[in-house]
Structure formats: C-alpha cells, structure tokens
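Dear colleague,

Please find the structure below, passed to you for your own inspection. My notes on it follow directly after.

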Amino acid sequence: MKIVSVQSQKGGAGKSTITVHLATAAVARGLSVRILDSDAQKSAVLWASMREAKTPEVLHCEPTKLLAAVEKARHDGIGLVIIDSPPNAGPDAVDIAAPADLILIPCRPGVFDVSAVKRTIDIAGMAKKPFLVVLSACPPRAPEIAKTRAAFEAAGVPVAVAEIETRRAMDRALQYGESVIEFEPEGESAKQINQLLAEVLA
Ligand SMILES: Nc1ncnc2c1ncn2[C@@H]1O[C@H](COP(=O)(O)OP(=O)(O)OP(=O)(O)O)[C@@H](O)[C@H]1O
Ligand SMILES: [Mg+2]
C-alpha cells in the first residue's frame, strides 16, 4: 500500500483538486483508493457527496487519528491512500506527514508560493519523509512556470515533471463530483494528472 500526503501550508495551492484527481486517475488504473480528508473544511468529503460513483472512498479523519486510519486501510486491502490536508496546519502538519511514504507539495508558480513551500519542506524534514513539489494551477504558457521550476531545481528541491495547468475543466468537473479523468478523459488536464500519478506511484 502506498500513502501520499498532499500538503502545503498555503491556502488554495490546489491540494484538494490534486487529491481527488489523483485518486480518480488511480481508480481508473484499477487501484483500490481511499482518500482520508484531514481538513476541517472537508472539501474532498463535499466532492464525494456530490458524486454518483462509489469510488474512490472518501473518509474524514482528524490528523491525530491518521496513523490508525492508515492501518485500517492496510487491513482493508487498499492499494493507495491519499491524505488531503488543511492549509496552515500548525502542529497537525507533522501528524499528517507521519503516515506518508511521500509528501506531495502543490505550489502555484509565484514568489509567495515558493516561500510557503519552504515551510512544508521543513515539516517533511521533521517527519523524515521524502517530498515532491508539483507546480499547480499554472497559467498556461506563463514564463513564471519555468522560473519557479528553475528556482526549486537550483535549491535542490525535487519537482515533478508533470505540471498541472489551470483549466476550466478541472474546476468544472469538481462541481459535479467528477474529475477530468471522467469529464474530459482525452483532454490535456487528464494527461497531466495521469503523468503526475505515474511519478507519484514510481
Ligand atoms: N488546475 C486547476 N485548474 C482550475 N482550477 C483550479 C486548479 N487547481 C485549483 N483550482 C481552483 O483553485 C481553488 C483552490 O483549489 P483547492 O481547493 O484545490 O486548493 P487547496 O489547496 O485545497 O485549498 P485549501 O488550502 O483551502 O484547502 C479552487 O477553486 C479550485 O477549483
Ligand atoms: Mg483543500
């Protein structure tokens, strides 16, 4: 079983969007997937409540109960657990990182966003977990994307090859409890999510 914790101390970085998209892409690949939504905002839980399909499973779980919830997922034969998390998680952030095999850190291209990633990298360090930054909600073809990637690479921060662009389909799919994997399976966003999933599962 693989456990990925999607974390970023900055609000609106794309954590919940990436969580539900990765989860549906993994379901489409035949994996048994459970999302543990550790954010009191419960975005992933809300998405599931609007959704007709029964998979991926989405359960709310307080940060301090994640270790037990992950053990339960292992017992239930789940193949992939994805943990969605709150912004500004404070002391909870280490509890959220603790069960993970990988911390996935969404970051919008921009100077304030890059600065926030440093705090999330510190949390990964405290939890002694590997991490991967993914450039998220990128304005298509904007020069900031390459600049942000170069800044991370110069600092030795691993960045996913996949870049998740801002696209209307991504936002729109969520309103119907779907994802671009179902909403526009041949579209550019679905390709980007599938590429990110391959990197996360590698
Ligand atoms: N790739 C994208 N394309 C279009 N819209 C996006 C994309 N990524 C995020 N958004 C939009 O940006 C907003 C914030 O995204 P999201 O809720 O996923 O971020 P978050 O990090 O989970 O936020 P929070 O910190 O509040 O939990 C949402 O309205 C979402 O639909
Ligand atoms: Mg969220």
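**Strand 6 and its surroundings**

Cys-138 stands opposite Glu-165 in strand 7. This is a predicted model, and the remarks here should be read accordingly. Cys-138 itself belongs to strand 6. The pairing between strand 6 and strand 7 (residues 159-165) is parallel and runs over three bridges. Between these two strands the chain passes through helix 6 (residues 143-154), and the resulting β-α-β crossover is right-handed.

Is Cys-138 buried or exposed? Cys-138 counts as buried because it has 22 C-beta neighbours inside 10 Å, where 20 or more are required. Setting aside residues within four places in sequence, the contacts of Cys-138 are Pro-109, Ile-145, Glu-163, Ile-164, Glu-165 and Thr-166. Cys-107 lies 31 residues from Cys-138 in sequence, with a C-alpha to C-alpha distance of 9.0 Å.

**The ligand shell**

Strand 6 also takes part in the surroundings of the ligand. Helix 1 (15-28), strand 6 (131-138) and helix 7 (168-175) each contribute at least two residues to the shell around ligand 1. There are 20 residues around ligand 1, and those that come nearest are Lys-15, Ser-16, Thr-17, Pro-87 and Met-170. By character, the shell around ligand 1 comprises six nonpolar, 10 polar and four charged residues.

**The nonpolar core**

The largest nonpolar core holds 58 residues, and Leu-22, Ile-82 and Val-134 touch the most other members. Helix 1 gives the most to this core, namely seven residues. Which residues does Leu-22 touch, not counting those up to four places away in sequence? Leu-22 touches Ile-82, Ile-193, Leu-196, Leu-197 and Val-200.

**Backbone features in the loops**

Three places in the backbone merit your attention when you open the model. As a general background, most residues other than glycine have a negative phi, and most peptide bonds are trans.

The first place concerns Lys-42, which has a positive phi of about 55° although it is not a glycine. Lys-42 sits in the loop between strand 2 (33-37) and helix 2. With 17 other C-beta atoms within 10 Å, Lys-42 is partly exposed.

Next, Arg-141 is a residue other than glycine whose phi is positive, near 65°. Arg-141 is placed in the loop between strand 6 and helix 6. Arg-141 is exposed, because 7 other C-beta atoms lie within 10 Å of its own, and the limit for this class is 12 or fewer.

Finally, the peptide bond that joins Thr-55 and Pro-56 is cis, with omega about -5°. Pro-56 is located in the loop between helix 2 (43-49) and strand 3.

**Glu-57 in strand 3**

Glu-57 lies in strand 3 (residues 57-60). Glu-57 is partly exposed, since 17 other C-beta atoms are found within 10 Å. Apart from neighbours within four places in sequence, Glu-57 is in contact with Arg-34 and Ile-35. Glu-57 and Gly-79 are 22 residues apart along the chain, and their C-alpha atoms are separated by 12 Å.

With kind regards

Key: Residues are numbered from 1 along each chain as its sequence is written. Chains are lettered from A and ligands numbered from 1 in the order in which they are written. This is a predicted model: local features need pLDDT of at least 70, side-chain atom pairs count only at pLDDT 80 or more; totals for chains, interfaces and linings use all residues. A residue is near a molecule or strand if its C-beta atom, placed from the backbone, lies within 6 Å of it. Helices (H or I, at least four residues) and strands (E, at least two) are DSSP runs, numbered from the N terminus. Ala, Val, Leu, Ile, Met, Phe, Trp, Tyr, Cys and Pro count as nonpolar, Asp, Glu, Lys and Arg as charged, and the others, Gly among them, as polar. Two strands pair if DSSP finds at least two bridges between them. A crossover is right-handed if, with the strands pointing away from the viewer, the path from the first strand over the helix to the second runs clockwise. A nonpolar core is a set of buried Ala, Val, Leu, Ile, Met, Phe, Trp, Tyr and Cys residues joined through C-beta atoms within 7 Å. Two residues are in contact if their C-beta atoms, placed from the backbone, lie within 7 Å.
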